[in-house]
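Please look at the sequence and the structure below. The report that follows describes some salt bridges and some strand pairings.

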Amino acid sequence: MKKFLAILICAIMCVILFTSCNKECDNHVDDNEDGICDACSFEYEFLFKLTADESGYELDRVGAGYQGGDIVIPSKHKGLPVVEIGYGAFKSEKKLTSVVIPDSVTLISDDAFENQTSITSVNVGKNVVTIGVSVFEGCTSLKTVVISDATQYIYASAFEGCTALESVTLGKNVKEITGSVFENCTSLKTIAVPASIEKMGAWVFYGNNMTDIYFGVSAPGENWSEKWAEGINEGANIHWAEAEK
């Protein structure tokens with residue numbers, strides 16, 4: 001009887017240990033940072049690290065359990081908000097086809113999705129303020145992008161070389177679009193730039209086949225590059241808002 005009870009208790013403990021170790025928890029150990037628990041071989045889908053102020057998490061990179069396809073980035077990790085998509089987090093990961101960025105995220109860091117050649121659509125979370133340098137550069141299958149009203153800064157080459165990009169919706173509070181953001185987006189025919197725009201970099205629409213560009217301002221601003229319009233094809237119509245009387 002004692003032997004039976006000992007075996008039973010041992011079995012129960014093994015089940016408890018296996019169950020607790022095969023879910024994301026503080027018990028996992030990943031000393032070699034390969035995205036696999038050293039103790040139980042649990043495979044992480046995403047790897048996170050605390051932000052400098054420890055108020056939230058940055059999605060640092062994909063883990064061994066990442067399967068790609070259509071993904072929704074989690075809004076929380078270990079009880080804290082996921083506030084950043086880290087530098088190069090999904091760079092060149094060809095399995096990804098679409099991504100929904102949660103409303104908790106305020107920053108998409110440089111190169112986050114660069115050369116992600118399978119991705120076709122992006123829904124930027126409604127609280128993303130900054131889209132970094134080359135975030136979606138070289139995403140040659142990307143067709144549609146919706147940028148929320150929270151976004152203020154879109155930095156250099158963010159969508160450069162997105163040759164399939166047909167539709168871009170810019171939020172109404174974009175302040176800066178810096179150099180080459182939409183360079184060589186050869187499928188993009190029309191775009192509306194909001195009245196909030198304060199700065200335009202050089203070669204923003206270089207090498208495109210644009211037909212119409214609509215501006216919410218009546219003329220280029222003093223902080224616009226002298227080369228902002230360089231490379232726009234000759235047949236493009238540039239529409240300015242009427243000046244206030």
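In this predicted model, Lys 91 and Glu 114 form a salt bridge between their side chains, with 3.5 Å from N to O. The two residues are 23 places apart and belong to distant parts of the chain. Lys 91 sits in the loop between β5 (80-85) and β6 (96-100), while Glu 114 sits in the loop between β7 and β8. The strands on either side of the Glu 114 loop cover residues 107-108 (β7) and 121-123 (β8).

Are the two partners buried or exposed? Lys 91 has a relative accessibility of 39%, so it counts as partly exposed. Glu 114 has a relative accessible area of 13% and is therefore buried, because buried means under 20%. Leaving aside residues up to four places away in sequence, Glu 114 touches Lys 91, Ser 92, Ser 134, Val 135 and Glu 137.

How many salt bridges are there by this rule? The count is 3, and the table lists them.

| Salt bridge | N to O distance |
|---|---|
| Lys 91 and Glu 114 | 3.5 Å |
| Asp 60 and Arg 61 | 3.6 Å |
| Lys 49 and Asp 60 | 3.8 Å |

Lys 49, Asp 60 and Arg 61 are linked in a network of salt bridges. Within the network, Asp 60 has a salt bridge with Lys 49 and another with Arg 61. Lys 49 belongs to strand β1 (residues 46-50) and Asp 60 to strand β2 (residues 57-62), so their salt bridge ties together parts that are 11 residues apart in sequence.

The accessibility of the network residues can be stated one by one. Lys 49 is partly exposed, with a relative accessible area of 41%. Asp 60 is also partly exposed, at 23%. Arg 61 has a relative accessibility of 28% and counts as partly exposed.

The remaining topic is strand pairing. Strand β16 (residues 212-215) runs parallel to strand β14 (residues 190-193), and 4 bridges join them. Which residue of β16 is the bridge partner of Val 193? The partner is Phe 215.

Strand β16 also pairs with strand β17 (residues 237-239), again in the parallel sense, over 3 bridges. Here Asp 212 stands opposite Asn 237 in β17. Strand β16 thus has pairings with β14 and with β17.

Conventions: Residues numbered from 1 in each chain as written. Predicted model: local features only at pLDDT ≥ 70, side-chain atom pairs only at ≥ 80, totals over all residues. Heavy atoms only, no water. Pairing = 2+ DSSP bridges. Contact = heavy atoms within 4.5 Å. Salt bridge = Lys/Arg side-chain N within 4 Å of Asp/Glu carboxyl O. Buried < 20%, exposed > 50% of the residue type's maximum accessible area, 1.4 Å probe, protein only.
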